[in-house]
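Please work through the exercises below with the sequence and the structure at hand, and try each task before reading its solution.

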Amino acid sequence: RVRVYYRVAREMNLRLCNLWLLLKRTFCQGAVHCEYAVSEGITSAEQRTLKAAIIGAPNAGKSTLVNQLIGQKVFAVSPKVHTTSRKAAGVCTHGNTQIVLLDTPGIVTYQYGRKLKMAKSFIADPYRSLMEAQLIIVMVDASNKWTRERLHPSIVQALCNNAHIPSVLALNKVDIVRHKHTLLSITESLTSLRAKGGGATPHPTAPRPLPLTTPKTCPTSDEVGRSALQCAEESCPEEVGSKGTSWPHFSEVFMLSALTSDGIDALKSYLISRARPGVWEYNTSELTDQPQSALVNDIIREKLFRHLHKEIPYVVTQDTVAWEQRDEDTLYIHQNLNCKSSNQASIIIGPAGRTIQKITAEAKTDIEALLKCPIDLVLNVRAQKT
């Protein structure tokens, strides 16, 4: 039975942690259900679940939204683009409902990813998240005057390929928009419909299934490399528009500010209402599927993005030298920050070491808040030998 499950998981391109969940449900089903029942008093028959993928352009506020819905900062956020480098699941449990939120990197084209030599996860993970999603949340930065009135063609193509999955539009950073009537104009441009009133605008008809160009699979390199605009024109319906920059099949439109939490409760209530009967995938104490080491790396990377500029935070690589429990309570973490030149190393260290001290102190505070234990953090800056 183990070999069968392993072969199936490998063919479905699931990660090892998903395989473990599958085996645990099969061989320890009673214990898992009992654990839930003891902690929450909720039986498996009463449990409800929903898995929602959050996609959008870089720096739209996807990770900030996930942190707000979870109720705790779990994923790294920064003002710079491409802070999120891979798909990660955030878990929000409310009563008998568990919502799994798939945080994703900002959608970019294949050509853009190759130009910047980005990791494959930046390009593929947004599409992979749609393979397991029951709801799609498209986030748009309403404060960006250059992009707020049109969807990226790659996003439209992703919606066309997954038209059988319900989708909602979330306009983020509305607190920065000075004239609120602009939000209605943005909504009309993105949905090809005129919004009614100031709240969510349900679409009058359910979206019809559309032909899938890549059914239930992540786009191949050739497919991603094609012009997203050309793909949208080929496979999207006429009402989407020849330019492929709008989507009329959004079930709801939400206007919110993930940073100030305005409008978060309305979105959370909607997600809970969309949940369907199903066994929870995570324990009530779990907030994410990411290991602690990955979360710590992301926190340190976030501080690099906040204190360093231009290309420097993007070229720094991280190596964990030590991760051990030295005292009864204190966790010792030693990490090397590798850069390409001594000039970059001096910038990271800063005058009299003040920059790296700030990065270490802020990262230490966030790691302690996440892991709930004292942390002894050491960051060592190293330049590659030329």
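**Exercise 1.** Work out what share of the contacts in the protein chain between residues at least 6 apart in sequence join residues at least 24 apart.

*Solution.* Begin with the nature of the coordinates, which belong to a predicted model. Next, take the contacts between residues at least 6 apart in sequence, where a contact means heavy atoms within 4.5 Å; of these, 72% join residues at least 24 apart. Finally, set beside this the burial of the chain, in which 48% of the 386 residues are buried, and its accessible surface of about 19500 Å², of which carbon and sulfur atoms hold 53%.

**Exercise 2.** Determine in which order strands 8, 9 and 10 are arranged in their open sheet, and describe the pairing.

*Solution.* Start from the secondary structure of the protein chain, which comprises 15 helices and 10 strands. Three of the strands make up an open sheet in the order 8-9-10, with mixed pairing. Its edges are strand 8 (317-325) and strand 10 (375-383), each of which pairs on one side only, and neighbouring strands of the sheet are turned by 15° against each other on average, direction ignored. Then look at strand 8 and strand 9 (residues 331-339), which pair in the antiparallel sense over 8 bridges; here Asp319 stands opposite Asn336 in strand 9.

**Exercise 3.** Identify which strands helix 12 and helix 15 lie across.

*Solution.* Take helix 12 (residues 292-307), which lies across strand 8, strand 9 and strand 10 and runs at about 130° to strand 8. Then turn to helix 15 (residues 354-371), which lies across strand 9 and strand 10, running at about 140° to strand 10.

Note on methods. Residues numbered from 1 in each chain as written. Predicted model: local features only at pLDDT ≥ 70, side-chain atom pairs only at ≥ 80, totals over all residues. Heavy atoms only, no water. Helix = DSSP H or I, 4+ residues; strand = E, 2+ residues; numbered from the N terminus. Buried < 20%, exposed > 50% of the residue type's maximum accessible area, 1.4 Å probe, protein only. Areas by Shrake-Rupley, 256 points an atom, 1.4 Å probe, with all protein chains shown as cover. Pairing = 2+ DSSP bridges. Axes fitted to C-alpha atoms, helices over the stretch in contact; angles between N-to-C directions.
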